[in-house]
Amino acid sequence: MAPPSALNIATQSVNRLVKEESYYHKEQTSQEARIKKLQDEIAANSPELDSNAPYVLKQEHTALEETKAVFGPLINRIAEAVEKLEEQIAISESEGSASEEDLKKAKEALENGKKLTESA
């Protein structure tokens with residue numbers, strides 16, 4: 001089996017980073033829901049809470065801030081990967097070295113990556 005081309009590697013890189021970004025958004029949503037639930041339980045003085053609840057809430061806030069801090073560097077990495085993918089698409093098109101299917105996948109990944117970097 002032939003090794004993956006530079007175009008395929010660049011495409012996979014963008015796809016992986018886009019997927020990673022979506023996972024971080026899901027994690028952030030989950031953390032925010034846990035914080036809200038815990039805050040509501042503390043405010044209602046729920047009997048199911050243990051004496052450790054304020055500490056747990058603080059830890060959840062810290063975890064949420066750490067998750068939010070990931071987005072800036074991740075968007076920068078996506079932008080770099082998008083730039084490399086653009087270069088590989090241009091090279092592959094000029095040389096005619098890539099199949100139509102590979103170019104189609106690369107352009108889809110490029111579009112997804114650009115949407116993320118533009119919306120950030």
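This passage looks at the salt bridges of a predicted model. The structure contains 10 salt bridges, and a few of them are followed here residue by residue.

A good place to start is the pair formed by Arg 34 and Glu 60, whose side chains meet in a salt bridge with an N to O distance of 3.2 Å. Arg 34 belongs to helix α1 (residues 6–43) and Glu 60 to helix α2 (residues 53–95), so this contact ties together parts that lie 26 residues apart in sequence. The two partners sit in contrasting surroundings: Arg 34 is partly exposed, at a relative accessible area of 35%, whereas Glu 60, at 17%, counts as buried.

Helix α2 takes part in another such link, this time through Glu 86, which forms a salt bridge with Lys 114; their closest N and O atoms are 2.8 Å apart. Because Glu 86 lies in helix α2 and Lys 114 in helix α3 (residues 100–119), the pair connects parts separated by 28 residues in sequence. Here Glu 86 is partly exposed, with 32% relative accessibility, and Lys 114 is partly exposed too, with 31%.

Within helix α3, a more local arrangement can be seen between Lys 105 and Glu 101, which are four residues apart, about one turn of the helix. Their salt bridge has its closest N and O atoms 3.2 Å apart. Lys 105 is partly exposed, with a relative accessible area of 44%, while Glu 101 reaches 51% and counts as exposed. Salt bridges can also share partners, and in this way Arg 16, Glu 20 and Arg 77 are joined into one network.

Terms used:
Residues numbered from 1 in each chain as written. Predicted model: local features only at pLDDT ≥ 70, side-chain atom pairs only at ≥ 80, totals over all residues. Heavy atoms only, no water. Salt bridge = Lys/Arg side-chain N within 4 Å of Asp/Glu carboxyl O. Helix = DSSP H or I, 4+ residues; strand = E, 2+ residues; numbered from the N terminus. Buried < 20%, exposed > 50% of the residue type's maximum accessible area, 1.4 Å probe, protein only.
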